[in-house]
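Hi,

Here is the structure I said I would pass on. Have a look at it first, and then read my notes below.

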Amino acid sequence: MSAADQPLSGIRILDFSQIMMGPVATQLLADHGADVLKIERPGTGDIFRHALVDPDGTQHPAFGAVNRNKRSLVIDVRVPEGLELIDDLVRVADVVVNNYRPGVMERLGLGYERLAGLNPRIVWAQGTGFGTEGAYVRKGGQDILAQALTGAMSHKADDDHPTAIYPISLADYTAGMNMVQGILMALIQRERTGRGQRVEVSLYDSLLAMQILEATMALMDRDTLNWARMPLVGTFATTDGEIVLVGAFKPNPLRDICAALGLEDLSEHPDFSSMEAQATNKGRLQDLLTEAIGRFSTAEAIERLEAEDVLCAPVRTLGEALEDPHTAPMITEMARNGREPLRSVASPVHLPDTPPAPHRPPPGLGEGAAEALADYGIASERIAALTAAGVLA
């Protein structure tokens, strides 16, 4: 299916964002038909292009992972001619996206109030580390810092475990998805009122929201909620790997686990007869489960536990997950000029009537700019003159 047939066809997005939070948001919108023009600084472009040493240089796979289906415009917005061109693009655009620190877009002349004066229908979306007010407003935003400041990094399965950084971009991706929701809600509201609005998301708020269950329990002075500390939850070694077990959401999960593993019904023992008793004696209980599970291969343990409708799964590497036939529909491949095809993860939003389809590989610096500007109604003579003057690269 072409982009013209997709739900967001006709929505024009000027994307000033870089690295991950903003780009992953605009990529999802582009996957579903939005026309995303990536605005990049002269010389370097998106700083993520240079974050990794890779044979593909500025088009390395990590950059490509969050920038497909976009075109790139390299422009100096610090000179009057560059800002004037951006103004003309804003007049016909629908959305402007950035993830700079608060105040940067305003200093560039690209703040919401000014752009809304040019186009009252503009949706102006900003992603920050810590919002636009409060004690941390000037602090540099970064995923790991947000993990630390929001308490997300403090969660442990056991007090003896060292505090650890969650090693994937948890806050960036979550904030990016929140940004998508905000943009879509603002576009729907615009249909009612004829006016756009600001959309603001932050890494900090997004990670707090991810902890909504735990935070609500804490705010209501209840016991700490930690799924990993439940007495029948954990990872257990098998003869050839590991499994994860979640003994929950059943009237008597311990009885069913014991039946699966060929153990006597430990739930009849006074030390394990209730969740409270199981929690008090968790060490002993998990030792018994560790010994029992350790007698089986991963496949055998999974088969036995699933026969009793116990929640469990093998613990796999990402590579193993990517090779699973179940994953195949989520793998997308795009041809790239002069490079090996880019294999990546597709949109997780499944719309069977209007499925997303990769139609444009991640752009090189300035790739697709002339075509995009023409689509915005910019005359070729003006493009040539701005290029000759160094405003466009």
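What follows is a short tour of the sheet and of one helix that packs on it.

One thing to keep in mind is that this is a predicted model.

Let me start with the sheet. It is open and built from 6 strands with parallel pairing, in the order β3-β2-β1-β4-β5-β6. At the edges sit β3 (70-74) and β6 (198-202), each of which pairs on one side only. From one strand to the next, the twist averages 20°.

For a closer look at one pair, take β4 (residues 95-98) and β5 (residues 123-128): these strands run parallel and are joined by 4 bridges. Val95 has Val123 of β5 as its bridge partner.

Next comes helix α1, which packs on this sheet and touches β1 (12-15), β2 (35-40), β3, β4, β5 and β6. The direction of α1 makes about 160° with that of β1.

Helix α1 (residues 21-31) also meets helix α7 (residues 170-193): their axes come within 8 Å and cross at roughly 50°. That angle falls outside the ranges for roughly parallel, perpendicular or antiparallel, so α1 and α7 are oblique to each other. Their crossing is right-handed.

Which residues make the contact? From α1 they are Met21, Gly22, Val24, Ala25, Leu28 and Leu29. From α7 they include Asp172, Tyr173, Met177, Val180, Ile183 and Leu184. By class, the residues of this α1 and α7 contact divide into 12 nonpolar, 2 polar and 1 charged.

Happy browsing, and best wishes

Notes:
Residues are numbered from 1 along each chain as its sequence is written. This is a predicted model: local features need pLDDT of at least 70, side-chain atom pairs count only at pLDDT 80 or more; totals for chains, interfaces and linings use all residues. Side-chain values use heavy atoms; hydrogens and water are left out. Axes are lines fitted to C-alpha atoms, for helices over the stretch in contact, and angles run from 0 to 180 degrees between N-to-C directions. Helices (H or I, at least four residues) and strands (E, at least two) are DSSP runs, numbered from the N terminus. Angles under 35 degrees count as roughly parallel, over 145 as roughly antiparallel, 65 to 115 as roughly perpendicular and the rest as oblique. A crossing is left-handed if the near helix is turned anticlockwise from the far one by less than a right angle, and right-handed if clockwise. Contact means heavy atoms within 4.5 Å. Ala, Val, Leu, Ile, Met, Phe, Trp, Tyr, Cys and Pro count as nonpolar, Asp, Glu, Lys and Arg as charged, and the others, Gly among them, as polar. Two strands pair if DSSP finds at least two bridges between them.
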